[in-house]
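Visitor: I would like to learn how to read a structure like this one. Where do we begin?

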Amino acid sequence: MVLTERVKVKALLESGQAGSLVVAMGWVRTRRGNKNVSFIALNDGSTINNIQVVADNANYPEELLKGITTGSCIGVKGLLVESPGSGQRVEIQAQELELFGTADPETYPLQKKGHSMEFLREIAHLRPRTNTFGAVLRIRHAMAFAIHKYFNDKGFTYLHTPIITASDAEGAGAMFRVTTLDVNNLPRTEEGKINWSEDFFGKEANLTVSGQLEGELGAMALSEIYTFGPTFRAENSNTPRHLAEFWMIEPEMAFYDIVANMDLAEDFLKYLIRYALENCKDDLEFLNKMYDNELLERLLFVVNNSFERLEYTKAVEILEKSGQKFEFPVFWGADLQSEHERYLVEKHFKKPVILTNYPKEIKAFYMKQNDDGKTVRAMDVLFPKIGEIIGGSQREEIYQKLINRINELGIPEKDVWWYLDTRKFGTAPHSGFGLGFERLLLFVTGMTNIRDVIPFPRTPNNCEF
RNA sequence: UCCUCAUUAGCUCAGUUGGUUAGAGCACCUGACUGUUAAUCAGGGGGUCCUAGGUUCAAGUCCUAGAUGAGGAGCCA
C-alpha cells in the first residue's frame, strides 16, 4: 500500500463520491462481525467520526484478521461505496488490508467503553486516541488558530516575549528557577550566600509568569501586539482551574483606554466562541451529547448577549444587599472570593460580567490610578463555571505616579528600569489583558477539569509524559 | 497548603451489625451467528481488597500513620 495514496477519513466521509478506489489509514476503534464478514470502525483523528471498513474474512489470512483489534493501526485499500447499513452514509469495501501495528487486547488500556477522566489522565500518552480527547485537541487547535487569525486580521503584531526572565517584579506568583549550577555543589560568596554571578546568566533567572511587561515594550513601538505562549507558575495550586504550565494570550495596545480594552476583550471572546461553533460542530455536538447537554446553548448565549459591565463598588453593594450568606464577608476593599464572583455571574446577572475599578490595594502596581486616589482601572472578565477568564487593566503611563507606586510597594527600581523607561520616553496611554487559554477551553469544551484540555498537564507532583 | 471524601478484577462499581471459598456489569479469551452499529447469545480465565502498623477468636469492613486520586478553599489565568 502506498502511503501517499492515503485520503483522510474526514475527506472520505464528506466526499460522498461512492464508487472510487480509496486508501485510508488509521487506528481501529472496534471490530465486529461474524465468521464471514468483519466491520472495522477506523479513525485517523481528522474527525470525531469513524469510517466503516467492511472486509470479507475469506480474503485475508486469519493471522491478519486476529491482529485487527481495538487500538491497532491499519491501512485499507478499497471501494468507497454507499453503506447498506444504517449509521453511516458511506463505507469502504476492503480489497487490501495492511496491519501496521498490533495492540495486544490483553494489555492495551483503552477499551471501546467510556473511561473516567481520572483514569485517562494516568494514560495521557494514549488518551488522544479517545473520542473525547480527539475532540478537545481539535478544538484546542482551532482556538489557537482563531486567536492568531483574530489578531492578525486586526493588525496586531505577534510578539515573542521571553520564556526565561531575570525580572522578579511581575508579581504574578511563585516562579520556577532556571539554573545550570550544580545543585549538589553550589558556589558560595564570602558571606556564605549562593553566588548567582557564577550561574549561566550571571544572575538569578526564572521561567516567566507573564509576558506583559515585555509586551508593553512592544506596544510602545508597534501600537498593538499580542503574545501567545507558555507561562509557568510554581504555586502549589491543586484545583480544577490551575496548571503549573499553561498558555496565555496577552494583547497590549497603545492608545486604548479601559473601555476600549473591555470592548476588545468582549469582542475577542465572542469571536473565538463563534469560531468554535462554526468550525468545530461535530466535536462540540459530541461533547454536548456526552458531557454537558447545555454546552451549545451556553456558547450561543454568550455570543448573542452583551457582557454586564460593573464597577467593583457597585458589585460590593449588590453582594451586600443580596441577603446571601457568604463564607467570607463582603465589604469595600475586600478582594472578591470565588463565591462572590459566582453569585454575580451565575445568580444575579446570569451572564458574563466585567468588573472594573478595583481598590488599588488588591491589584498590581502597573494599573492606571483613578482620580479618586482609591481605585485603579483594572478589569476582570468573569465567566460562568470558570470564574476569572481574563484579567487586565489600563496601565499607568505617568512616570511619577508609577514610580511612586513602585516605591510604596518596595519594588527595586533597578529591576524594572527598562519598564520605567517606556514612561520616560514617549509614554502613551495603553491597556492590555491576559486570557488563560486553558480556561477558555474549559468554557468552550464544557470539560470541568483544566487537566483535560491540555495534552500533557503539569501540576504539583505530576510531570509524567 | 487547609478541609472533606475516596482507594476492592484490565475499567466502572457493589460488598449488610466484623463471621465460611470476596461479587456484578463491561473488557479479555473460547465457541455460535451471512451486514454489524458501545452487535447479540453461551461458556471460561482473572484479586497484594492502596501500603505499614494496631484492635480482635476472626478485618475488605474498626483504629492510627502514610501514599495516591477527586471535590471545595486559598493563590491566579
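Guide: We begin with a definition about angles. Angles under 35 degrees count as roughly parallel, over 145 as roughly antiparallel, and 65 to 115 as roughly perpendicular; the rest are oblique. Keep in mind that this is a predicted model.

Visitor: How is a pair of packed helices described?

Guide: Two numbers do the job: the angle between the axes and the distance between the axes. Now take α6 (residues 258-279) and α13 (residues 437-445). Their axes come within 11 Å and cross at roughly 50 degrees. The two helices are therefore oblique to each other.

Visitor: Is the crossing of α6 and α13 left-handed or right-handed?

Guide: The crossing is right-handed. Look at who makes the contact. Helix α6 brings L269, L272, I273 and A276, and α13 brings L440, F443 and V444. By class, that contact has seven nonpolar residues, no polar and no charged ones.

Visitor: At what angle do the axes of α4 and α7 cross?

Guide: Helix α4 covers residues 131-153 and α7 covers 281-290; their axes cross at roughly 135 degrees and come within 9 Å. That makes α4 oblique to α7. This crossing is left-handed.

Visitor: Which residues of α4 and α7 meet?

Guide: From α4 come N131, T132, A135, R138 and I139; from α7 come D283, L284, F286 and L287. Sort the residues of this contact by class and you get five nonpolar, two polar and two charged.

Visitor: Now the RNA. How many residues surround RNA strand B?

Guide: There are 52, and the closest are R32, S237, T239, H242 and R439. By class, the surface near the strand has twelve nonpolar, 24 polar and 16 charged residues.

Visitor: Which helices and strands supply that surface?

Guide: Several supply at least two residues each. Among them are strands β1 (21-33), β5 (90-101) and β11 (245-254), and helices α3 (117-122) and α10 (338-348).

Visitor: What part of the RNA lies within 4 Å of the protein, sugar or phosphate, or bases?

Guide: Both. Of the RNA atoms within 4 Å of the protein, 53% belong to sugar or phosphate, and the rest to bases.

Visitor: Which side chains should I look at by the phosphates?

Guide: Try three. R32 has a polar side-chain atom 2.4 Å from a phosphate oxygen of RNA strand B. For N34, an N or O atom of the side chain is 2.5 Å from a phosphate oxygen. For K112, a polar side-chain atom lies 3.1 Å from a phosphate oxygen of the strand.

Methods:
Residues are numbered from 1 along each chain as its sequence is written. Chains are lettered from A and ligands numbered from 1 in the order in which they are written. This is a predicted model: local features need pLDDT of at least 70, side-chain atom pairs count only at pLDDT 80 or more; totals for chains, interfaces and linings use all residues. Side-chain values use heavy atoms; hydrogens and water are left out. A residue is near a molecule or strand if one of its heavy atoms lies within 4 Å of it. A polar contact is a pair of N or O atoms within 3.5 Å; within protein, one must be able to donate a hydrogen and the other to accept it, and residues adjacent in sequence count only if both atoms are side-chain atoms. Helices (H or I, at least four residues) and strands (E, at least two) are DSSP runs, numbered from the N terminus. Ala, Val, Leu, Ile, Met, Phe, Trp, Tyr, Cys and Pro count as nonpolar, Asp, Glu, Lys and Arg as charged, and the others, Gly among them, as polar. Axes are lines fitted to C-alpha atoms, for helices over the stretch in contact, and angles run from 0 to 180 degrees between N-to-C directions. A crossing is left-handed if the near helix is turned anticlockwise from the far one by less than a right angle, and right-handed if clockwise. Contact means heavy atoms within 4.5 Å.
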